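Hi,

Here is the structure I promised to pass on. Have a look at it first, and my notes follow underneath.

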Amino acid sequence: MTDLATRTTRVLTPPRGRRRRTDGGGPRAGTITAFLIPFFLPFVLFYLVPVGYALWQSFRAVHRTGGQYGTSYTSFGGFEQYQKVFENAEFWSSIGRIGLFGIVQVPVMLFVALIMALLLDTPLLKLKSVLRMTAFMPYAVPGVIAAIMWSYLYSPQLSPVVDLLNGIGLDPDFLGPGAVLWSAANISTWLWTGYNMLIMYSALQSIPQELYEAAKLDGASNWAIAWRIKVPIIAPSIVLTTVFSIIGTLQLYAEPAVLRQISSNISSTFTPNMLAYAVASGNNYQQAAAISVVIAVITFVLSFGFMRLTSKRAGL
C-alpha cells in the first residue's frame with residue numbers, strides 16, 4: 001500500500017523545471033494581450049485622451065494683454081470656468097428644456113417599445129417578421145437624415161401632412177414656440193423606439209415557455225401573463241433602456257440643430273450640447289470644456305441614481 005501511494009505521488013508530481021506557470025505569463029498571456037490591444041489602443045487614444053484633455057482645458061483660463069489687439073495666453077484658473085457655467089442663465093434654460101423633454105419623451109418612447117415587444121412575443125400576432133423589421137427600420141436611418149426627413153413633414157411650405165391638416169381646419173404649427181420641442185421629441189421617438197423594442201424583445205425570448213404554460217393552467221389570461229409575468233421578468237432590460245435613454249436625452253443635438261435651419265424658435269443654445277458647441281465656435285474652448293464636463297457629471301448622476309433607485313425597489 002505504501003509502494004502504491006509512493007508511485008502515485010511520483011506520477012502526479014510534475015518534474016522540477018517543467019511546472020506549469022500560473023502567474024499569467026507565457027504564450028497565453030501574450031495572446032490575450034494581442035487581442036486586447038486593438039480595443040484598448042483606440043479606447044485610450046480616442047476616448048480617454050480627449051476626456052482628459054477636456055477636463056484639463058476646463059481648469060484653464062484665458063488672459064489677454066495689450067488691449068483689443070494684444071496677445072492672449074492661458075493659465076490655471078481653478079474653478080473659474082465652472083463658476084461661469086453655473087452663473088450662465090442660458091445653460092440652466094437648456095437644462096430645464098432638456099429635462100422637460102426627457103420627462104415626457106422617454107416614458108412615452110419606452111412604453112410604446114414595451115407594447116410592441118409584447119405584441120411581437122404573443123403567439124396571436126401574425127406577420128411578426130414584417131412588424132419587427134418595420135419597427136426597427138428607423139434605427140437604421142442616421143439621426144441627421146431622419147431629422148431632415150421630418151423637417152420636410154413639419155415645414156408649412158412643403159409638407160403634405162400640414163396641407164391635409166389645414167384642409168380639415170386644424171392649422172398645426174409644428175415649428176411654433178410651443179410645439180418645436182415636441183417635434184424634436186417625435187423624431188427621437190420614431191428613431192429609437194425600434195432599438196429599445198429589440199432589447200426588450202430579446203429579453204422576452206429568454207423566458208422559459210414553461211412559465212406561460214403553468215400560468216395558463218392556473219387560468220391566467222394573456223393580459224395577466226404579459227403584465228404579471230413578462231414585464232417583471234424583463235424589468236432589468238427596461239431599466240437598461242431607460243438608462244440609455246437618459247444618456248441620449250442629455251446628448252440631444254442632431255434633431256434640434258437640423259430643425260433650427262427652418263425654425264426661428266430654436267436658438268443656438270437650445271440644448272446643453274448645442275450651447276457647448278456654440279461656445280466652442282466662439283473660440284472659448286475652456287468654457288465649452290467646462291460645460292461638457294458638467295453635462296457628463298449630470299448624466300452620470302441621473303443614470304447612476306436611477307439604477308440605484310430601481311435596484312433598491314427591486315430588492316437587489
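Let me start with a cation over a ring: the charged end of R97 sits over the ring of F270, 4.7 Å from the ring centre. K230 does likewise with Y212, its charged end lying 5.0 Å from the centre of that ring. For this I ask that NZ of Lys or CZ of Arg be within 6 Å of the ring centre and within 35 degrees of the ring normal.

Before you read on, a caveat: this is a predicted model, so local features need pLDDT of at least 70 and side-chain atom pairs count only at pLDDT 80 or more, while totals for chains, interfaces and linings use all residues. Residues are numbered from 1 along each chain as its sequence is written, and side-chain values use heavy atoms, with hydrogens and water left out.

On the overall picture, the protein chain has 14 helices and 2 strands (DSSP runs numbered from the N terminus: H or I of at least four residues for helices, E of at least two for strands). Of its 316 residues, 32% count as buried (under 20% relative accessible area; exposed is over 50% and partly exposed in between, with a 1.4 Å probe and protein chains only).

Now the rings. The whole structure holds 20 aromatic pairs, and one of them, F91 with W92, is edge-to-face at 5.2 Å centre to centre and 75 degrees between the planes. Pairs here are Phe, Tyr and Trp rings (the six-membered one for Trp) with centres within 6.5 Å; planes under 30 degrees apart are stacked, over 60 edge-to-face, the rest tilted. F91 is buried at 1% relative accessible area, whereas W92 is partly exposed at 42%. Elsewhere, ring pairs link F39, F40, F43 and Y47 into a cluster.

How do α5 and α8 pack? Helix α5 (residues 128–136) meets helix α8 (residues 180–205) at about 135 degrees, with the axes 8 Å apart; axes are lines fitted to C-alpha atoms over the stretch in contact, and angles run from 0 to 180 degrees between N-to-C directions. That makes α5 oblique to α8 (neither under 35, over 145, nor 65 to 115 degrees). On the α5 side, R132, A135 and F136 contact G194, Y195, M197, L198 and Y201 of α8 (heavy atoms within 4.5 Å).

Finally, L55 lies in helix α2 (residues 27–58) and is partly exposed, at 41%. L55 touches Y82 and V293, leaving aside residues up to four places away in sequence. L55 and A289 are 234 residues apart in sequence, yet 6.8 Å apart in space, C-alpha to C-alpha.

Cheers
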